[in-house]
Amino acid sequence: MAVFHQKLIDGFFVPSFYKQLLSRKLTLEDLESIDAKYHQSLKWIVENDIEDLELTFSVSYERFGQTEELDLKEKGSTLPVTNENKKEYVDLVVNWRLTQRTEEQMNSFKKGFFEFVHPEWISKFDNKELELVISGLSKIDVSDWQKNTDYRGYTLSLIHISE
């Protein structure tokens, strides 16, 4: 409704939310703003030898106080993660963590959002541009603003108008 009525939302979603709204693929870097430690752990897996870790294509997580295990692919708990397939493992973990766990809620949000804003209208934006349209700027970089402003009939040496 805020976009439809041209109102900025005084709050921000995580960057990956905007990518999901645009149906763009999420990556390991998108996880950093949500869980920096988890991001670092997965990044370590990508950058290091993991043969001694005895990982499988499954994840353990807590749900309502109970630990559950989920196969990231068919028979994942029996498939070892190796240096050769660790990128696939990390991609599957990122997909599970950022997409699959919230898929129902995201689909409901999209359904409501797209009742007011046609998907084609936002399809040309990237996630940062969409964030700007919906929420405005969270931080204003004044020096960048000054460098990229076309001053016509004004120079910085002139007296500033303060009121």
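**Entry 1: Trp 44**

I began with Trp 44, which is partly exposed, with a relative accessible area of 42%. I note that the model is a predicted one. The label follows because partly exposed covers the range between the buried limit, under 20%, and the exposed limit, over 50%. I then looked up the place of Trp 44 in the chain and found this residue in helix H3, residues 36-47. For its contacts I set aside residues up to four places away in sequence; Trp 44 then touches Asp 49, Ile 50 and Leu 53.

**Entry 2: the chain as a whole**

I next listed the secondary structure and recorded 8 helices and 2 strands. Read from the N terminus, the elements run α-α-α-β-β-α-α-α-α-α. I looked up burial as well: of the 163 residues of the chain, 26% count as buried. The accessible surface comes to about 12,200 Å², and 52% of this surface belongs to carbon and sulfur atoms. For contacts I considered residues at least 6 apart in sequence; 61% of these contacts join residues at least 24 apart.

**Entry 3: the two strands**

I turned to the strands and asked in which sense S1 and S2 pair, parallel or antiparallel. Strand S1 (residues 58-63) and strand S2 (residues 66-71) pair in the antiparallel sense, over 6 bridges. As one bridge I noted Ser 60, whose partner in S2 is Glu 69. The hairpin of S1 and S2 has 2 residues between the strands. In this hairpin I recorded a positive phi near 50° for Phe 64.

**Entry 4: the largest pocket**

I then searched for empty space. Rolling a probe the size of a water molecule over the atoms shows where such space is left. For the largest pocket I recorded a volume of about 290 Å³. Its lining consists of 17 residues, and those nearest the centre of the pocket are Lys 25, Leu 26, Thr 27, Asn 95 and Thr 99. I checked which elements give two or more residues to this lining, and these are helix H4 (86-98) and helix H5 (103-116). The largest share, 5 residues, comes from H4.

I also asked how the lining residues of the largest pocket divide into nonpolar, polar and charged. I entered 6 nonpolar, 5 polar and 6 charged residues. Among the residues nearest the centre, Lys 25 counts as charged and Leu 26 as nonpolar. Thr 27, Asn 95 and Thr 99, also nearest the centre, count as polar.

Methods:
Residues are numbered from 1 along each chain as its sequence is written. This is a predicted model: local features need pLDDT of at least 70, side-chain atom pairs count only at pLDDT 80 or more; totals for chains, interfaces and linings use all residues. Side-chain values use heavy atoms; hydrogens and water are left out. On a 1 Å grid over the protein atoms alone, a cavity is a set of points where a 1.4 Å probe fits but cannot get out, and a pocket is an open set with protein on both sides within 12 Å along at least five of seven lines; lining residues have an atom within 4 Å of a point. Grid points are joined across faces, edges and corners, and a volume is the space filled by probe spheres set on the points. Helices (H or I, at least four residues) and strands (E, at least two) are DSSP runs, numbered from the N terminus. Buried means under 20% relative accessible area, exposed over 50%, partly exposed in between (1.4 Å probe, protein chains only). Contact means heavy atoms within 4.5 Å. Accessible areas come from the Shrake-Rupley method with a 1.4 Å probe; for residues, only the protein chains shown count as cover. Two strands pair if DSSP finds at least two bridges between them.
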